[in-house]
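Visitor: Can you walk me through this one? I'd like to hear about charged pairs and cores.

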Amino acid sequence: MNVLFIVVDDLRPVLGCYGDKLVKSPNIDQLASHSVVFSNAYAQQAVCAPSRVSFLTGRRPDSTRLYDFYSYWRVHAGNYSTMPQYFKENGYVTLSVGKVFHPGVSSNYSDDYPHSWSVPPFHPSTEKYENDKTCRGKDGKLYANLVCPVDVTEMPSGTLPDIQSTEEAIRLMNVMKTSKQKFFLAVGYHKPHIPLRYPQEFLKLYPFENITLAPDPWVPEKLPSVAYNPWMDIRQRDDVKALNVSFPYGPLPDNFQRRIRQSYYAAVSYLDTQVGQLLNALDDVGLSNSTIVVFTADHGWSLGEHGEWAKYSNFDVATRVPLMFYVPGMTTPPVSRGERVFPYLDPFNHILGFVPQGQSKKVVELVSLFSTLAELTGLQVPAVCPKTSFHVALCTEGSSIVRYFNASEEKVKEEKDGCDDTFRCFNEETVAFSQYPRPADTPQWNSDKPKLKDIRIMGYSMRTSDYRYTLWVRFNPNNFSADFEDVHAGELYMVETDPNQDYNIYNNTSHACFLKKLLGFLKQ
């Protein structure tokens with residue numbers, strides 16, 4: 001089996017296949033209709049480089065020692081093998097298009113080539129214009145705005161980076177069809193990462209009068225100040241600067257909040273067309289029956305919930321991601337030669353909804369991708385990492401989730417109900433762990449993206465199907481140690497009664513059992 005690995009920047013699960021009634025995403029929904037879809041999948045840190053290095057190595061941020069953008073794990077932590085490297089060493093041609101690793105220091109300025117990739121990774125020539133003044137204002141001048149619908153013909157080279165990435169990925173699929181070699185093709189899409197720069201026609205899908213505010217656009221009363229992210233990258237955009245919003249909590253004007261939400265949805269529909277063209281090309285080259293497709297994101301993105309924007313937190317809106325696996329003959333019946341699985345669907349005309357082929361509510365983590373894909377392709381699943389693994393090149397800290405592909409929710413419930421050993425049941429509950437660093441107890445200019453040397457507090461967060469529990473503890477960046485005797489703040493949200501995580505009950509609840517579980521995990 002080949003692998004087509006699609007990773008999207010900053011995409012929370014606002015998709016039709018995740019129950020969103022507003023967003024038009026027919027091509028991703030069509031993929032979901034042939035896939036097993038995980039509705040509770042979480043990133044290990046809600047910022048690009050740490051999340052990507054984590055799931056591409058199968059190690060958590062405390063093992064990669066990357067919490068910012070400024071170190072290369074092979075030098076800074078350990079010479080860990082990556083998922084594409086493992087496939088390459090097992091006879092696959094490995095190819096990278098767009099943003100897969102975060103570019104720069106954290107991937108050795110090479111996207112970890114030649115370790116991970118058979119040929120040098122492709123980056124769109126127009127990505128260098130992403131933060132330039134390309135957004136035309138009402139006065140006719142060009143700005144570096146957050147909200148940036150554009151006429152593509154006016155853009156540098158008359159295109160956009162994600163369009164170029166799709167074209168290159170399709171070219172590579174045609175090359176691979178001819179060569180008849182098995183491949184691992186990773187395609188990284190940039191939208192809906194800011195700036196929200198996308199073809200302006202996608203705005204028509206989202207009339208402004210249909211756009212609402214977040215259900216909870218206020219800063220929760222009992223939110224510890226250390227947990228709040230002050231969305232500095234948003235504030236630096238020309239259109240947001242002009243609003244002169246107070247730091248750190250000052251809310252954006254309601255209409256501007258709605259404009260951000262409108263443009264985020266429009267960018268998602270633009271992304272959907274790129275995914276649609278890519279999958280349609282998989283049909284064209286006749287490889288839909290021999291290619292596993294994975295679709296996910298590096299983390300989510302707050303759209304005004306808790307008075308926050310962007311990622312940079314431990315909330316579900318920042319850590320939860322879409323995750324689906326299309327496996328021919330497993331998640332869908334075998335495909336006969338010539339049969340089209342992924343015909344392109346135009347979001348402007350397509351109105352039919354799709355139902356995911358299979359849906360799992362199990363709580364899972366992106367750090368499990370490495371072992372899961374190894375199992376799905378029949379490769380030996382790398383061993384579980386020992387307690388200290390800096391010296392171990394090949395091991396993973398995430399276990400394969402293939403066992404959840406066919407498990408019905410009823411069967412899972414029966415197992416839970418039929419368990420008479422309370423401690424064992426508690427321990428076997430599926431859990432996702434995330435973490436986020438802070439430079440101080442109160443929001444600072446660098447709270448969203450502190451450099452390693454400035455980190456003083458680490459928020460360790462544990463998400464189960466019933467609750468999210470977060471502890472903010474003292475952290476020493478010199479020896480990478482967390483002191484759980486020095487707790488700066490805590491958060492506890494119960495999913496059933498507080499799905500949006502607005503009412504922190506940490507201070508009026510006994511949470512010794514949660515602490516025991518969190519510490520037990522961290523000591524593993």
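Guide: We'll take the salt bridges, then the nonpolar cores. Keep in mind that this is a predicted model.

Visitor: How many salt bridges does the structure hold?

Guide: There are 19.

Visitor: What does E130 form a salt bridge with?

Guide: Its partner is K191. The closest N and O atoms are 2.7 Å apart.

Visitor: Where do the two sit in the chain?

Guide: In distant parts, 61 residues apart. E130 is in the loop between β3 (93–98) and β4 (135–136). K191 is in the loop between β7 (183–189) and β8 (196–199).

Visitor: Is E130 buried or exposed?

Guide: E130 is buried, because its relative accessibility is 7% and the cut-off for buried is under 20%. K191 is buried too, at 3%.

Visitor: OK, next pair. Which side chain does E154 meet in a salt bridge?

Guide: That of R136, at 3.6 Å from N to O. This pair also links distant parts of the chain, 18 residues apart. E154 lies in the loop between β6 (147–150) and α6 (161–179), while R136 is in strand β4.

Visitor: What does R136 count as for accessibility?

Guide: Partly exposed, at 48% relative accessibility.

Visitor: And R474, which side chain does it meet?

Guide: D483, in a salt bridge of 3.1 Å, N to O. R474 is partly exposed at 39%. D483 is partly exposed as well, at 23%.

Visitor: Which residues do shared partners join into one network?

Guide: D9, R52, K99 and D298. Salt bridges with partners in common tie them together.

Visitor: Switching topic. Which residues touch the most other members in the largest nonpolar core?

Guide: F5 and F325. That core has 130 residues.

Visitor: Where does the largest share of this core come from?

Guide: Helix α9, residues 254–284. The helix supplies 14 residues.

Visitor: Back to F5. What is F5 in contact with, leaving aside neighbours within four places in sequence?

Guide: F55 and M83, for a start. Then F184, L185, A186 and V187. The list also includes V294, T296, L369 and L373.

Visitor: What other core lies apart from the largest one?

Guide: One of 20 residues. Among them are F433, Y460, Y506 and F514.

Visitor: Where do nonpolar side chains tend to be in soluble globular proteins?

Guide: As a general tendency, they are buried together.

Key: Residues are numbered from 1 along each chain as its sequence is written. This is a predicted model: local features need pLDDT of at least 70, side-chain atom pairs count only at pLDDT 80 or more; totals for chains, interfaces and linings use all residues. Side-chain values use heavy atoms; hydrogens and water are left out. A salt bridge is a side-chain nitrogen of Lys or Arg within 4 Å of a carboxyl oxygen of Asp or Glu. Helices (H or I, at least four residues) and strands (E, at least two) are DSSP runs, numbered from the N terminus. Buried means under 20% relative accessible area, exposed over 50%, partly exposed in between (1.4 Å probe, protein chains only). A nonpolar core is a set of buried Ala, Val, Leu, Ile, Met, Phe, Trp, Tyr and Cys residues joined through side-chain atoms within 4.5 Å. Contact means heavy atoms within 4.5 Å.
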